[in-house]
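Trainee: Please take one part of this model and look at it closely. I would like a connected account that I can follow in the viewer.

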Amino acid sequence: VKDTNVTFVVDTSQSMQLHISAIKFHLKEALLAKAYTTLSSRFNIVEFSNKVTKWCDHVVTCTPQTVFSAVQWLQSLTCTLGRDLLSALTAAFDDPMCQAIYLVTTGLPDNNLKDIFHVLPYLSHGRPLHTFYLTDKWIDSECRGFLQGISMLTQGSAHLIRLSHCGAIKQVIPIYPADHSISGPLYSAPKYCSVKTPLDKN
């Protein structure tokens, strides 16, 4: 996580059920690394399904103590129906101290995609939206177009995270900006089935 003041937006819809434990682990690791290596950084977490919940009203200083509090809150999250991404992004970007958003999701939102494309530039005010799309298969053209669209509108990025049947990360594929140095399918070294496979190597 390169940005200083960030908000993590986590999809807790039913399709995240198989991945939510791994996401909690990866987010905990990312926050602890940030707490011990980045001075004066801040963070917040927003989770969304058919409703949106903030861990805090605004980004807070990233320390081992605040990370511990956030992890306790993370452990209480469960997956439910719905994927109201527009409300989640609105809640996250509403914090003027937030400099970037990191979205973790597994599917297209329930919202009208055109509505999201229309309002996103006004919500972000130049702040990037970085998306990690979790899947165990290749995505269709509509989904790829959506990921590329929200990345272009915010000068952010999008990565496809391919998972094995047991949830281990097999591939990290750039969707936007595309890695033009790669030709054909991207294959990485085999990973063991463990939630300790890093999600974000930044």
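Mentor: What follows starts at one acidic side chain and moves along its partners.

This is a predicted model, so local features need pLDDT of at least 70, side-chain atom pairs count only at pLDDT 80 or more, and totals for chains, interfaces and linings use all residues. Residues are numbered from 1 along each chain as its sequence is written, and side-chain values use heavy atoms, with hydrogens and water left out.

First, the setting. The chain has 5 helices and 8 strands. These are DSSP runs numbered from the N terminus: helices are H or I with at least four residues, strands E with at least two. Their order is β-α-β-β-β-α-α-β-α-β-α-β-β. Of the 202 residues, 49% count as buried. Buried means under 20% relative accessible area, exposed over 50%, and partly exposed in between, with a 1.4 Å probe and protein chains only.

Now Asp-3. Asp-3 sits in the segment before strand S1 (5–11). Asp-3 is buried, yet has no salt bridge. A salt bridge needs a side-chain nitrogen of Lys or Arg within 4 Å of a carboxyl oxygen of Asp or Glu. The nearest side chain of opposite charge, Lys-34, is 7.4 Å away. For charge, Lys and Arg count as positive, Asp and Glu as negative; His and the chain ends are not counted.

What does the side chain of Asp-3 join in a polar contact of 2.7 Å? The partner is the side chain of Tyr-102. A polar contact is a pair of N or O atoms within 3.5 Å; within protein, one must be able to donate a hydrogen and the other to accept it, and residues adjacent in sequence count only if both atoms are side-chain atoms. Leaving aside neighbours within four places in sequence, Asp-3 also touches Lys-34, Ala-100, Pro-128 and His-130, among others (contact: heavy atoms within 4.5 Å).

Follow Tyr-102 next. A search of the whole structure finds 3 aromatic pairs. In one of them, Phe-8 and Tyr-102 are tilted, at 5.9 Å centre to centre and 35° between the planes. Rings of Phe, Tyr and Trp (its six-membered ring) pair if their centres lie within 6.5 Å; planes under 30 degrees apart are stacked, over 60 edge-to-face, the rest tilted. Phe-8 is in strand S1 and Tyr-102 in strand S5 (residues 100–105), so this pair links distant parts of the chain, 94 residues apart. Both Phe-8 and Tyr-102 are buried.
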